[in-house]
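Biologist: Please take a close look at one part of this model, a loop residue and the salt bridges around it. I would like one connected account that then moves outward to the rest of the structure.

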Amino acid sequence: MMKEGRNLKSRFKHLFFYLDLTLLTQMMIPLFIFFIFLIGPLATVLYVAFQYNPLNILRDPTFLSFNPQGQLVFMAKRYFRGEWVNIIIFRGVSYGVIFNSLANAFFVTICSSILGVIIAFILARYEFPGKILFRVLATVPLLMTPFINAFVIKKLFDWRDGLISFFINDVLNLPYRVGIESLAGVAVTQIMTFFPIIYLNVFSSMVNVDPSLEEQAESLGARGFRLFRTITLPLSLPGLAAGSAIVFIFSLEDIAAPIVFNERRFISYQIFSRFIEATTGQLSPVAATLAIILLTLALLAFAGIKEYVSLKQYAMLSRGGRWKVRISKPGKKGLIAIYAFVLPFLLFTAFPQIGVFIYAFSQEWSGPLPKGFTLDNLSRIVIDPLVSRAIINSLSYSIVAVTMIAFIGLSASYVIARAKIPGLHLMDLLVTSPIALPGLVIAVGYFYFFSTFFAGTILDPVRTGPYFLLMFAYTVRRLPFTARAVFAGLQQVHVALEEASLNLGASRLRTLVFIVIPLIGLNILSGALISFVYCMSEVSTGVTLGGLGGISEGHQAPITFIMMDYLNRIRGPHIVASLGVLLISIQLTVIFLVNFAFKQKYAYIGV
Amino acid sequence: MNKKALGKIQALLLIAIIVIALSSFTIWWLMFRPTGAGEEEKPSEKPSEKPSEAIKLHVLTRHPTEILLAARNAFLKSDIAKKYNITDIITYGLAPGLWVKYIKSGEIDVAWGGGPTLFDYLYLQGLLLPLTSEEVLAAIKEIPDTIAGMPMKRVGSDGKIYWVAAAIASFGFTVNHDRLKDYNLTVPKSWRDLASPELGKTLVDYGTPALGIADPTQSTSNTRMYEIILQRYGWEEGWKILTLMAANAEIYSGSSDVRDAVIRGDIAVGITIDFYGYTAKLVNPKCEYIIPEGESIVNGDPIALVNGTKHPEAAQAFIAWVLTEGQKILLNPEINRLPVNRKVFDTPIGKNRTDIYEAYNKTLQTTPIKFNDTLAMQYETVMRWYFRAALIDVNDALKEAWKAILTKYFAGELSPAEFENLVNRLAAPLTFKDPETDKTVVFTLEYAINIQPKFEKDASYRDSLISAWKSAALEKYKSVLQSVSGG
């Protein structure tokens with residue numbers, strides 16, 4: 001008895017000896033922020049969902065059905081525009097909203113994984129002329145241009161006026177017209193947009209594989225595919241697992257592609273459409289139930305990979321390859337395969353971004369080919385008061401969010417890196433979890449939590465508009481990037497430097513400001529810049545909460561809301577594309593700064 | 001090492017200061033500049049106005065921003081604005097559900113645009129004031145009392161005028177002639193044509209719908225059109241047409257989505273309000289707005305003085321301007337609405353828009369249907385949700401059944417009587433179990449009117465009804481599908 005008491009007592013003593021005021025504050029602030037702006041809202045969603053009796057949804061055949069509706073592919077020979085053609089349209093089969101989202105996420109993840117692994121392997125293990133172009137093309141889809149990229153894909157695959165059918169039928173004169181619509185369209189868009197995430201993760205895993213392991217296997221007789229299957233792929237599994245889980249979650253919560261393809265049979269769209277009805281102050285409890293389903297699925301996926309995306313793992317990966325990577329030159333057959341299949345594929349997946357530029361600079365693009373060059377569209381985004389206001393809004397929210405992120409991220413990472421108290425891995429989990437939390441769930445949570453408990457105050461989104469909440473939504477959702485960058489930097493700063501400073505009498509705070517921050521300044525800045533970029537292009541809370549104040553001259557909506565709204569206006573796509581060009585420019589600037597000016601080589605997992 | 005570290009510290013501190021300054025500035029800016037949604041500077045407290053006091057008018061509206069911006073720019077330059085020292089028009093674009101709350105808060109001066117149903121509701125709630133100033137009455141004299149048999153003014157029981165139409169609109173469909181040609185379709189002339197098997201042939205031939213309609217729970221103009229169809233053809237026949245339309249169509253969330261789909265050629269014909277059609281034609285000359293002859297109505301879109309305004313004289317001056325000088329804005333190529341005041345066509349701008357003038361004359365001469373607004377209001381909410389539950393939410397099943405019927409019909413395997421029979425089964429109003437009384441009932445006009453009060457107030461009653469409709473509809477469509485594929 002006495003022994004245990006002493007153990008407990010001495011543990012507490014040790015704890016409080018170790019925790020000074022600064023560390024305590026640094027621990028409390030992130031926890032407090034996360035409690036109010038993450039845990040609280042999530043708990044409210046749970047509460048609302050269970051009040052409504054969530055099982056009702058599972059009994060509703062439009063949400064869950066074992067009778068498939070629609071057809072996977074429509075194929076028929078028809079007389080169209082004066083000739084007989086074989087029309088092939090991919091549409092997809094519906095089994096109800098919930099099942100569609102799940103099946104779609106799995107399908108997208110599997111296809112993205114296969115593509116990502118192949119591309120990663122080719123780029124990690126082979127050297128060939130023009131490789132740098134391949135590497136660039138493979139990451140182009142990650143340049144975020146929400147809505148307009150899906151729009152370009154939809155236009156590309158329109159079987160009546162799209163570029164692909166035009167090329168096959170009108171240029172090559174083959175009697176075929178190909179189209180991709182509805183469910184299939186969403187899947188294809190997501191695969192094209194997300195596969196680089198898998199590629200980047202697997203790539204960085206592959207270059208971290210100890211080459212001696214592969215050499216040993218080779219000397220024992222394993223070659224080619226066997227070598228790949230038994231050694232390379234299993235060792236790259238961390239990257240593949242992390243990438244797949246993230247793609248899975250992103251696919252579940254993607255709202256842009258369903259909106260563009262007018263495909264209502266997804267969980268994300270159903271939540272979004274209920275937000276449109278929420279302007280009267282009531283959000284249908286069905287939204288809460290759907291949010292819970294989304295959250296559960298995402299958490300399951302996240303649980304599988306939480307070690308791989310933790311701060312510690314990221315820091316290890318970002319330190320980069322420690323050995324010389326095995327690179328070989330492909331034979332003739334390999335080279336042909338690379339240039340004949342891989343290059344066109346990468347050009348194809350980069351087409352949405354190319355299309356964005358075409359839309360931004362063309363006067364008209366109603367048929368398969370664009371017409372006219374103009375800079376009008378770009379000037380419109382400054383002249384149009386709604387659009388310019390949206391740009392200012394996004395910049396404001398992002399700057400404020402990034403400032404908060406810098407402070408909170410620094411505090412949280414420092415505590416996790418330096419404080420030797422139990423339970424820190426939970427804080428690690430908390431701080432990285434927003435990567436995996438679907439933004440729609442946060443949007444729903446914020447709506448319920450703040451319009452209920454903070455009604456009538458500045459935090460009430462229905463009364464005063466969403467600007468305050470959007471800033472915090474951005475902060476919480478984009479915190480992990482900075483936290484990770486800071487943590488990685490702290491790993492490279494030896495704790496002895498701080499201990500020396502503390503020994504000489506400096507307080508923890510002084511040490512932090514004058515020793516630690518200068519040493520990891522570039523990490524903080526890089527992390528903040530990456531967080532900034534992701535704040536500017538944030539979709540989920542922007543198109544739901546962002547619309548709560550209405551759209552008039554002094555509106556509070558961010559860029560992404562305006563992009564969604566303008567898609568259906570006259571000359572809309574051109575203006576949305578101009579905004580896309582703006583976003584791409586910001587992203588390219590940041591990538592350049594972070595990678596070349598600040599020389600922060602990140603295991604940029606594209607998230 | 002010292003200098004380097006110091007330099008870095010200084011640089012970082014400088015960056016931090018700049019960022020903090022920027023953030024504080026933006027927070028201040030966002031919080032204390034007018035944002036147009038809720039927190040506003042209070043209008044002046046004095047009820048009497050001296051011309052020297054600058055006035056800002058607050059306008060509640062459902063008009064899109066193009067109109068609001070054009071109006072604000074033009075009005076603030078006008079003499080009448082200077083006369084009353086009006087320095088700003090602040091607009092609030094809000095959903096109809098929030099209007100009563102905002103008006104009752106006493107912050108609004110003018111209500112502008114939103115359809116006669118909404119304004120009649122406001123009038124009945126006592127939220128509008130009569131228009132009495134000299135200027136506005138003089139302007140009202142230039143507006144006709146009725147157009148195509150529909151009222152352009154709401155006269156109260158006291159003989160005073162409570163709202164005036166500031167623009168007119170009709171309802172019909174916009175077609176894309178290129179796409180019609182692609183699909184080998186003739187130009188539809190009536191609502192019934194939209195429900196025809198001919199239009200459905202596109203579904204069978206290409207797997208793609210040729211028609212586009214919108215969800216009435218998210219579009220007031222589409223709600224209007226469905227009500228027109230129900231009153232033109234009667235309840236039973238009307239629901240048959242609506243059901244087949246939903247079977248023939250791609251469903252969109254908003255009316256502007258429908259318009260855009262027509263412009264892009266995603267669909268060949270979409271039901272739209274007239275000015276969407278005129279705009280479509282400007283953007284894509286292959287598009288054309290068609291008013292179904294003898295099957296449409298002309299709506300006046302009202303403007304009114306709000307009860308609780310602190311600036312009645314200035315507000316009425318603005319209203320007078322909208323009805324006279326302000327009519328020119330409607331002829332803007334991004335707006336394309338029909339004016340209510342004929343005099344605007346004598347101005348240079350008016351003389352330029354011959355297409356609008358033509359459309360205006362056509363609209364005046366159109367034979368409208370006899371439309372009973374009061375009757376429509378009695379079942380409107382129920383109608384919208386029934387449409388959504390029975391036709392939209394289970395649209396996949398409806399399309400499967402309809403496609404099966406059409407495939408056999410075009411293959412010549414159905415006699416006219418069989419076809420008629422199947423269509424009646426598919427499209428007639430639902431027979432279902434009322435969740436409250438547990439009795440089997442038919443969705444008749446009387447039933448809809450009876451349940452509307454409870455439907456609007458009791459959320460769980462509403463949810464259970466919607467569920468009942470969905471399951472009944474699903475059952476019906478499945479059984480029709482089985483009859484067709486089985487038999």
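Modeller: What follows starts at Asp161(A) and works outward to its surroundings, the chain interface and one helix.

The model is predicted. Asp161(A) sits in the loop between helix 6 and helix 7 of chain A. Its relative accessibility is 21%, and because buried means under 20%, Asp161(A) counts as partly exposed. Leaving aside residues up to four places away in sequence, Asp161(A) touches Arg81(A), Gly367(A), Pro368(A) and Arg179(B). The list of contacts thus includes a residue of chain B, Arg179(B). Asp161(A) and Arg177(A) are 16 residues apart in sequence, and their C-alpha atoms lie 9.8 Å apart in space.

Of these neighbours, Arg81(A) forms a salt bridge with Asp161(A), with 3.2 Å between the closest N and O atoms. This pair links distant parts of the chain, the two residues being 80 residues apart. Arg81(A) belongs to the loop between strand 1 (73–80) and strand 2 (83–90) of chain A, while Asp161(A) belongs to the loop between helix 6 (148–156) and helix 7. Arg81(A) is also partly exposed, because its relative accessibility is 40%.

A second salt bridge in chain A joins Asp158(A) to Arg160(A), the closest N and O atoms being 2.9 Å apart. Both Asp158(A) and Arg160(A) are buried.

Helix 7 of chain A covers residues 163–171 and includes Val171(A). Val171(A) is partly exposed, because its relative accessibility is 43%. Together with Phe167(A), Leu172(A), Leu174(A) and Tyr176(A), Val171(A) makes a nonpolar surface patch of about 450 Å².

The next topic is the interface. Contacts between the chains involve 68 residues of chain A and 64 residues of chain B. About 5300 Å² is buried between the two chains, and carbon and sulfur atoms give 52% of that area. Seven salt bridges are found across this interface, and the structure holds 40 over all chains. Arg78(A) and Asp205(B) meet through their side chains in a salt bridge, at 4.0 Å from N to O.

In chain B, Arg388(B) forms a salt bridge with Asp393(B), the closest N and O atoms being 3.6 Å apart. Arg388(B) counts as buried because its relative accessibility is 9%, whereas Asp393(B) is partly exposed, with a relative accessible area of 28%. Salt bridges with shared partners join Arg388(B) and Asp393(B) into one network with Asp60(A), Asp215(B) and Lys470(B).

The last stop is helix 9 of chain A, residues 211–219, where Pro211(A), Glu214(A) and Ala217(A) are buried. Viewed down the axis of helix 9, its buried residues fall within an arc of 120°, so they line one face of the helix. An α-helix has 3.6 residues a turn, so residues three or four places apart point the same way. Helix 4 (97–125) and helix 10 (224–235) of chain A are among the elements that cover the buried residues of helix 9. Just after helix 9, Gly221(A) takes a positive phi of about 110°.

Definitions and conventions. Residues are numbered from 1 along each chain as its sequence is written. Chains are lettered from A and ligands numbered from 1 in the order in which they are written. This is a predicted model: local features need pLDDT of at least 70, side-chain atom pairs count only at pLDDT 80 or more; totals for chains, interfaces and linings use all residues. Side-chain values use heavy atoms; hydrogens and water are left out. Patches are made of residues with over 30% relative accessible area and no salt bridge: like charges are joined within 9 Å, nonpolar side chains (Val, Leu, Ile, Met, Phe, Trp, Tyr) within 5 Å. Accessible areas come from the Shrake-Rupley method with a 1.4 Å probe; for residues, only the protein chains shown count as cover. Helices (H or I, at least four residues) and strands (E, at least two) are DSSP runs, numbered from the N terminus. Buried means under 20% relative accessible area, exposed over 50%, partly exposed in between (1.4 Å probe, protein chains only). The arc is that of the directions from the helix axis to the C-beta atoms. Contact means heavy atoms within 4.5 Å. Buried area is the accessible area (1.4 Å probe) that two parts lose on being put together, summed over both.
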